[in-house]
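Here are some exercises to work through with the structure open beside you. Try each one on your own, then follow the solution step by step.

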Amino acid sequence: MQPGQRTDAFRPVLRGEGNRFDPTARAKPILVFENVHKAYRADAPVLRGMNLEIERGEFVFFTGPSGAGKSTLLRILYAAELVDEGRILFMGRDIGRLTSTSIPFLRRNIGIVFQDFKLVPNWSVLENVAVPLEVLGLPQRLIRSRVGEVLERVGLAGRGPDLAGTLSGGEQQRVAVARAIVGEPALVLADEPTGNLDPQLAVDILGLFEDINDTGVTVIFATHDRSLLDIRPRRVVVLDEGKAHDVPHGLDEVAEADEDSGDQPGVAVRDVA
Ligand SMILES: Nc1ncnc2c1ncn2[C@@H]1O[C@H](COP(=O)(O)OP(=O)(O)O)[C@@H](O)[C@H]1O
Ligand SMILES: [Mg+2]
């Protein structure tokens, strides 16, 4: 994105509370997971001592079978769930210890995209994308120009007045991406964002997240769709048995390691790495 004058005017308005985060946070990983445990039921833990670091500006796939805990992990990141044990540092701050007044600040730094778009179908595209800025009470003129810029970035220039529900699935997901990035978050979370789209549209949407990542935004893209992981080399983190494992040599090695190691695939993956 070209940082035009309007965008320059936009940032200070949005970042008015920015100094509430530790100024040294820039040099730290954007996310650190330390021994994270999470169970909805005591006899079926989802996360069991998960450790992971994500640097600023990374693009990371979270993968693993249905039920592995991908969505749970993302919900913990935007403070919709609490961890049972361990901690997650976002820009150096423990998400689990944020006070209720700090949680909105966390969410302002995170954009989220879901599989089912979660748009209001009888609102215009413009109204849907403007929501995060309306919440901040920004002036209407600023909101309009900012939303216009973002719609252009996602390939929907001029579609602002259309009702969201009248757009195609791929277009609706572009609207959702626009809404996720309109507030210039440091981190974008996508939970199976291509799950409702056919394969070519899925690749297009992945490309959109890559464009966002190229502007310096950290992206976590949760998917169980292996075909997306193979498109180009990317950091791939597999959630397995409640732990996170980097798979630097691709998913095929996980399958091979699985076969070798019986019921402890996670350990084998780490040995491979
Ligand atoms: N709100 C919830 N209450 C109880 N169990 C849940 C809840 N959300 C998820 N689970 C369970 O936690 C496990 C992980 O789910 P989820 O995080 O949705 O996995 P994924 O996104 O990888 O498919 C599953 O067994 C799921 O049934
Ligand atoms: Mg899920």
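Two strands count as paired if DSSP finds at least two bridges between them. Keep in mind that this is a predicted model.

**Exercise 1. Decide how strands S4 and S5 pair, and over how many bridges.**

Step 1. Look for bridges between the two strands: S4 and S5 have 2 bridges, in the antiparallel sense. With a cut-off of at least two bridges, S4 and S5 pair.

Step 2. Pick out one bridge as a check. Leu 89 has Asp 94 in S5 as its bridge partner.

**Exercise 2. Work out the strand order of the sheet that holds S2, S1, S4 and S5, and find its edges.**

Step 1. Begin with S1 (residues 31-39) and S2 (residues 45-54), which are antiparallel partners over 7 bridges. Within this pair, Lys 38 is bridged to Leu 47 of S2. The two strands make a hairpin, with 5 residues between them.

Step 2. Turn to the other partner, S4 (residues 85-90): S1 pairs with S4 over 5 bridges, in the antiparallel sense. Here Leu 31 is opposite Phe 90 of S4.

Step 3. Put the pairs together. The 4 strands make an open sheet with antiparallel pairing, in the order S2-S1-S4-S5. S2 and S5 (93-94) each have a single partner strand, so they are the edges, and one side of each has no neighbour in the sheet.

Step 4. Add the helix. H2 (residues 70-77) lies across S1, S2 and S4, at about 60° to S2.

**Exercise 3. Describe the sheet of 6 strands and the helices that lie on it.**

Step 1. Read off the order: S6-S7-S8-S3-S9-S10, an open sheet with mixed pairing. The edges are S6 (110-114) and S10 (243-246); each has a single partner strand, so one side of each lacks a neighbour in the sheet. From one strand to the next, the twist averages 20°.

Step 2. Look at one pair inside the sheet. S3 (residues 59-63) and S9 (residues 235-240) are parallel partners over 4 bridges, and Phe 61 is opposite Val 236 of S9.

Step 3. Place the helices. H7 (residues 199-214) packs on the sheet, where it touches S3, S7 and S8 (218-222), and its direction is at about 155° to that of S8. H6 (residues 169-181) lies across S6 and S7 (187-191), running at about 165° to S6.

**Exercise 4. Classify how H4 crosses H6 and how H4 crosses H5.**

Step 1. A good way in is that two packed helices are described by the angle and the distance between their axes.

Step 2. Take H4 (residues 125-135) with H6. Their axes come within 7 Å and cross at roughly 30°. Angles under 35 degrees count as roughly parallel, so H4 and H6 are roughly parallel to each other. The crossing is right-handed.

Step 3. List who touches whom. H4 contributes Val 125, Asn 128, Val 129, Val 131 and Pro 132, while H6 contributes Val 175, Ala 178 and Arg 179. By class, this contact has 6 nonpolar residues, 1 polar and 1 charged.

Step 4. Now take H4 with H5 (residues 140-153). These axes come within 10 Å and cross at roughly 120°, and H4 and H5 are therefore oblique to each other. H4 again passes its partner, H5, in a right-handed crossing.

Step 5. Look at the residues again: those of H4 that meet H5 include Leu 126, Ala 130 and Leu 133, and those of H5 include Ile 143, Val 147 and Leu 151. The contact of H4 with H5 has 9 nonpolar residues, no polar ones and 2 charged.

**Exercise 5. Find which parts of the model have a pLDDT under 50.**

Step 1. Start with the whole protein chain: its mean pLDDT is 86, and 82% of its residues reach 70 or more.

Step 2. Compare the elements. S7 has the highest mean pLDDT, 98, and H10 (residues 265-272) the lowest, 35.

Step 3. Locate the stretches. Residues 1-8 stay under 50, with 5 contacts beyond four places in sequence. Residues 260-273 are also below 50, and this stretch has 23 contacts in the model beyond near neighbours in sequence.

Step 4. Draw the practical conclusion: where pLDDT is low, the predicted coordinates should not be read in detail.

Conventions:
Residues numbered from 1 in each chain as written. Chains lettered and ligands numbered in written order. Predicted model: local features only at pLDDT ≥ 70, side-chain atom pairs only at ≥ 80, totals over all residues. Axes fitted to C-alpha atoms, helices over the stretch in contact; angles between N-to-C directions. Contact = placed C-beta atoms within 7 Å. pLDDT = per-residue confidence, 0-100. Parallel < 35°, antiparallel > 145°, perpendicular 65-115°, else oblique. Left-handed = near helix turned anticlockwise from the far one by under 90°. Nonpolar A, V, L, I, M, F, W, Y, C, P; charged D, E, K, R; others polar.
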